[in-house]
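Colleague: Could you take me through one part of this model slowly, as if I were new to reading structures? I'd like a close look at the metal site and how it sits in the rest of the chain.

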Amino acid sequence: MSTDTVTRTSAHVVPPLPYAESTLAPIISANTIAFHYGKHHKGYVENLNKLVAGTEYAEMTLEKIIAATVGKVDKIPIFNNAAQTWNHTFYWSSLTPKGGGEPPAALKKQILTSFGTLDACKKELATAATTQFGSGWAWLVLDGNKIKVVKTGNADSPLAKGLKPLLTIDVWEHAYYLDYQNRRADYVTAVLDKLINWSFAADNLG
Ligand code: MN
């Protein structure tokens, strides 16, 4: 198999956004999405394709690359770009123009079991998102049969820790700075109230 074939068959792509760039406004502006999706996400995918071309990772899925490179000091750039590629695709689906509100019944039942109330779950997500020092992510995850909130720094992902992600909020400054400047908490609260895609999280329960 030629290198060209390996590279071509394994190239990662930026998946289409699940909605138009302007439809998350005014919570997240079209301008933010244009840069975040069109420049940042695309950049991670392009970097990943360059880094894995011709390597043992060239034909692996993102999940396999993440599992194979996590914790390896000489593979940090590959891990970072693979995880950021995965995280961003997951983030876009964690948002929806008519989000917020009530989770589907099966998910809500598990949220109530784990957190007591939906508000307590949202509050814990907001706290994780606002207290993540520097760049990173806040996540709702399934840990065994319990739903939990975790936060990760930079590109790190719950996937790398054996947890099953249900939804995520990107708290890198590029996710909110054009719209909210330093007010990360306002971005997080607005996302949780207006955009968060509980149906996507319910689907991920499996
Ligand atoms: Mn981002």
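Modeller: Here is a walk through the metal site, followed by the fold and the core around it. Keep in mind that this is a predicted model.

Let's begin with the metal. The manganese ion is held by four donors: His-36 through NE2, His-88 through NE2, Asp-170 through OD and His-174 through NE2. The distances run from 2.0 to 2.1 Å. If you follow the chain from one donor to the next, the spacing reads H-x51-H-x81-D-x3-H. His-36 belongs to helix H2 (residues 30–52) and Asp-170 to strand E3 (residues 164–170), so this pair ties together parts that are 134 residues apart in sequence. Both His-36 and Asp-170 are buried.

Now zoom in on His-88, which sits in helix H4. How exposed is His-88? Its relative accessibility is 0%, so His-88 counts as buried. Its side chain also makes a polar contact of 3.2 Å with the side chain of Asp-170, another of the manganese donors. Leaving out residues up to four places away in sequence, His-88 touches His-36, His-41, Tyr-44, Trp-137, Asp-170 and His-174. So you can find the other three donors, His-36, Asp-170 and His-174, in that list.

Helix H4 leads us on to the nonpolar side of the story. The largest nonpolar core has 62 residues, and among those with the most contacts inside it are Ile-28, Leu-140 and Trp-198. Helix H4, residues 76–94, gives the most to this core, with eight residues. Domain 1 (30–94) and domain 2 (105–205) both supply residues, so the core lies between them. In soluble globular proteins, nonpolar side chains tend to be buried together.

For a taste of that core, try Ile-28. Setting aside neighbours within four places in sequence, Ile-28 is in contact with Ile-33, Tyr-91, Leu-95, Asp-179, Tyr-187, Val-191 and Leu-195. Tyr-187 and Val-191 are also among the core residues with the most contacts.

Finally, step back to the whole chain. There are nine helices and three strands, and along the sequence they come in the order α-α-α-α-α-α-β-β-β-α-α-α. Buried residues make up 47% of the 206 residues. Of the contacts with a separation of 6 or more, 67% are between residues 24 or more positions apart. A compact globule with 206 residues would have a radius of gyration near 17 Å, and the chain agrees with its 17 Å.

Terms used:
Residues numbered from 1 in each chain as written. Predicted model: local features only at pLDDT ≥ 70, side-chain atom pairs only at ≥ 80, totals over all residues. Heavy atoms only, no water. Core = buried A, V, L, I, M, F, W, Y, C linked by side-chain atoms within 4.5 Å. Buried < 20%, exposed > 50% of the residue type's maximum accessible area, 1.4 Å probe, protein only. Helix = DSSP H or I, 4+ residues; strand = E, 2+ residues; numbered from the N terminus. Domains from an automatic or database assignment. Contact = heavy atoms within 4.5 Å. Donors = N, O, S within 2.8 Å, 3.2 Å for Na, K, Ca; no water. Polar contact = N/O pair within 3.5 Å; in protein donor to acceptor, adjacent residues only side chain to side chain. Rg over C-alpha atoms; globule rule 2.2 N^0.38 Å.
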